[in-house]
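Here is a short report on how one protein chain is put together. Look at the sequence and the model first, then read on.

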Amino acid sequence: MTTLRLPGGATATRILGIGSTQPERVVTNDDLSKIMDTTDQWIRERVGIVERRFADKDESAEDMAVVAGSKALADAGLAPTDVDTVILANCTSVTPIPNGAAPVADRIGVRAAGAFDLNAACAGFCYALGVASDLVRSGSAGRVLVIGSEKLTDLVDPVDRANAIIFADGAGAAVVGPAEEAGIGPVVWGSAGDMVDMIGMRDGKYIFQEGQSVFRWATTQIAPIALRALDAAGIQPSDVDVLVPHQANLRIVEAIAKRLRAKGAREDMVVADDIVHSGNTSSASIPMALDHMRAGGRVHSGDVALLIGFGAGLSYAGQVVICP
């Protein structure tokens, strides 16, 4: 019987660097009120958004992925040649063939990379982070560049007040590499395929979601999933310095934080609220929020962060990480 050789992987992994980017165009609630039946107060009260960023027509998700990925590499102090795998979390690609990861890797300078797209919608970054960590630990990859990049404005009806007020564009990235001590906990993931009709594409053209149904599901189901991620990492709610849920709706974020605090999380736990000025950017929202909080001095190297993504599918995933 032939015995196959298996590569020796790292005993643990960590995030080596992060980066993000957003389009320059800022769109306020008042701007949207000029083209649809809505108001600044109505939007703030229901989803907590004040403004968001929209990409220009000639600015693609791949363009933003290149910028965010390059920033993450620079933050890690690495050259493109130091990375051998690129994962692009994305659910808004208008051309599923070819994938976006390969040209993004090439434009960044990661030559002959293992490159693939991953679509778990708004849970995509956490899914990709889990895959990247496992690839490094198995020895299948040395260092992995994980990017979440979305141009949701390509898939949103611009006058649909239920969805156009929420979704926006942007990209966030992280570099995953080997470590002596664990800096990325086990991913806890799953799906609720029986709820697939809650978020999707209408007539194959525009994104839609059943807002109230998604709200009820997220505010009751995500906190228990987050607690599972903490248990998998062997830590308590009181150990969490930073909570970074997917930025779907500020009311959902606040509800998750409240439930975790009821389970022992600290009152001074920092809670991501990037949606206020960035909107919902799907797979980009978690790394972008983390990068913005670090730039603003709200997150520091060594902080314990709980990441939890959830979205269309319904798919969900989360893990504990140590901030770079």
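The largest nonpolar core of this predicted model has 36 residues. Leu129, Val244, Met293 and Leu307 touch the most other members. Helix H5 (residues 124-138) supplies the largest share of this core, seven residues. A second, separate core has 31 residues, including Val188, Trp217, Ile225 and Ile252. In soluble globular proteins, nonpolar side chains tend to be buried together.

Take Leu307 from the first core. Which residues does Leu307 touch, not counting those up to four places away in sequence? They are Phe125, Cys126, Leu129, Val244, Ile286, Ala317, Gly318, Gln319 and Val321.

**The strand around Leu307**

Leu307 belongs to strand S13, which spans residues 304-311. Is S13 mostly covered or mostly open? It is mostly covered: eight of its eight residues are buried. In a regular strand the side chains alternate between the two faces of the sheet. Here Val304, Leu306, Ile308 and Phe310 point one way. Ala305, Leu307, Gly309 and Gly311 point the other way.

S13 has a strand partner in S11 (residues 242-245), and these two are parallel, with four bridges. Val244 of that pairing has Leu307 as its bridge partner. S13 also pairs with S14 (residues 315-322), but antiparallel, over eight bridges. There Ala305 stands opposite Val321. A hairpin links S13 and S14, with three residues between them. Gly313 sits in the turn and has a positive phi of about 145°.

**The sheet that holds S13**

What is the order of the five strands in this open sheet? It runs S8-S14-S13-S11-S12, with mixed pairing. Strands S8 (188-191) and S12 (270-271) stand at the edges with a single partner strand each, so one side of each has no neighbour in the sheet. S8 pairs with S14 in the antiparallel sense over four bridges. In that pair, Ser191 is matched with Ser315.

Two helices pack on this sheet. Helix H6 (residues 211-233) touches S8, S13 and S14. Helix H9 touches S11, S12 and S13.

**Another five-strand sheet**

A further open sheet of five strands has the order S1-S7-S6-S4-S5, again with mixed pairing. Its edge strands are S1 (12-21) and S5 (114-118), each paired on one side only. The twist averages 20° from one strand to the next. S4 (residues 85-89) and S5 run parallel over five bridges. Thr85 stands opposite Gly114 in S5.

H4 packs on this sheet and touches S4, S5 and S6 (144-151). H9 (residues 285-295) packs here too, touching S1 and S7 (169-179).

The table gives the direction of each helix against one strand.

| Helix | Strand | Angle between directions |
|---|---|---|
| H4 | S5 | about 130° |
| H9 | S1 | about 80° |
| H6 | S13 | about 140° |
| H9 | S11 | about 145° |

**Two helices that cross**

H4 (residues 101-108) also meets helix H3 (residues 61-76). Their axes come within 9 Å and cross at roughly 50°. H3 and H4 are therefore oblique to each other. The crossing is right-handed. H3 makes the contact with Glu62, Asp63, Ala65, Val66, Gly69, Ser70 and Leu73. H4 adds Pro103, Val104, Arg107 and Ile108.

Conventions
Residues numbered from 1 in each chain as written. Predicted model: local features only at pLDDT ≥ 70, side-chain atom pairs only at ≥ 80, totals over all residues. Heavy atoms only, no water. Buried < 20%, exposed > 50% of the residue type's maximum accessible area, 1.4 Å probe, protein only. Pairing = 2+ DSSP bridges. Core = buried A, V, L, I, M, F, W, Y, C linked by side-chain atoms within 4.5 Å. Contact = heavy atoms within 4.5 Å. Axes fitted to C-alpha atoms, helices over the stretch in contact; angles between N-to-C directions. Parallel < 35°, antiparallel > 145°, perpendicular 65-115°, else oblique. Left-handed = near helix turned anticlockwise from the far one by under 90°.
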